[in-house]
Amino acid sequence: TAFAYAVPYFFSEEETIRVAQSDLFPNPTSTTSTITLTETTAEMEFQLINPKGQILSIPNTEYNADLKCTTMNFNTLSAGVYTIAAEERTWRLVVF
């Protein structure tokens, strides 16, 4: 039956993909603030995408190897929902 073929396909232990749980805080945040992304690496390149879909620059980014986190300082962001993207991860940032 088809079920006999599907079970090994979906439950195979040959290939396991693990993505680290990563948090963004504080979220929501104010228009002038510092945010932190956890479980990041020094090699990650971040993109900040505004509500209109435009890619904005992230002027101040600092990686902390001991804590495996990245801190970003934003001088002025308009209120809205932003997307921060890096590699295969995305975070939603709410600015009020």
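This passage walks through the fold of a small set of elements in one protein, from its strands and sheets to its core. The model is a predicted one.

The protein contains one helix and eight strands. Read from the N terminus, the elements follow the order α-β-β-β-β-β-β-β-β, so to speak a helix and then strands. Of its 96 residues, 30% count as buried. About 7100 Å² of the protein is exposed, and carbon and sulfur atoms supply 52% of that area. Among contacts between residues at least 6 apart in sequence, 56% join residues at least 24 apart.

The strands can be followed sheet by sheet. Strands of a sheet pair through backbone hydrogen bonds, either parallel or antiparallel. One open sheet has four strands in the order β1-β2-β6-β5, with antiparallel pairing. Its edge strands are β1 (24–25) and β5, each of which pairs on one side only. Within this sheet, β2 and β6 are joined by six bridges in the antiparallel sense, and T38 has C69 in β6 as its bridge partner. On the other side of the pairing list, five bridges join the antiparallel strands β5 (residues 60–64) and β6, with Y63 standing opposite T70 in β6. The hairpin of β5 and β6 has four residues between its strands, and K68 takes a positive phi near 55° there.

A further open sheet is built from four strands in the order β4-β3-β7-β8, again with antiparallel pairing. Here β4 (55–56) and β8 stand at the edges; each has a single partner strand, so one side of each is left without a neighbour in the sheet. Strands β7 and β8 pair in the antiparallel sense over seven bridges, and one of the matched positions is Y82, whose bridge partner in β8 is L93.

Attention now turns to the interior. The largest nonpolar core has 16 residues, and those touching the most other members are F46, M72, F74, I84 and L93. Two or more residues of this core come from each of β2 (33–38), β6 (69–74), β7 (80–86) and β8 (89–95). Beyond its neighbours within four places in sequence, F74 is in contact with T31, T32, S33, I35, L48, I58 and L93.

F46 also takes part in an aromatic pair. A pair of aromatic rings is described by the distance of the centres and the angle of the planes. The count comes to one aromatic pair. F46 and W91 form this tilted pair, with 6.1 Å from centre to centre and 45° between the planes. The pair links distant parts of the chain, with F46 in the loop between β2 and β3 (47–49) and W91 in strand β8, 45 residues apart. Both F46 and W91 are buried.

Finally, T70 offers a polar residue to look at in strand β6. Is T70 buried or exposed? With a relative accessible area of 2%, T70 lies under the 20% cut-off and therefore counts as buried. The side chain of T70 makes a polar contact with the side chain of T40, at 2.7 Å. Leaving aside neighbours within four places in sequence, the contacts of T70 are I35, T36, L37, T40, T41, F46, T61, E62 and Y63.

Methods. Residues numbered from 1 in each chain as written. Predicted model: local features only at pLDDT ≥ 70, side-chain atom pairs only at ≥ 80, totals over all residues. Heavy atoms only, no water. Core = buried A, V, L, I, M, F, W, Y, C linked by side-chain atoms within 4.5 Å. Buried < 20%, exposed > 50% of the residue type's maximum accessible area, 1.4 Å probe, protein only. Contact = heavy atoms within 4.5 Å. Pairing = 2+ DSSP bridges. Phe/Tyr/Trp six-rings, centres within 6.5 Å; stacked < 30°, edge-to-face > 60°. Polar contact = N/O pair within 3.5 Å; in protein donor to acceptor, adjacent residues only side chain to side chain. Areas by Shrake-Rupley, 256 points an atom, 1.4 Å probe, with all protein chains shown as cover.
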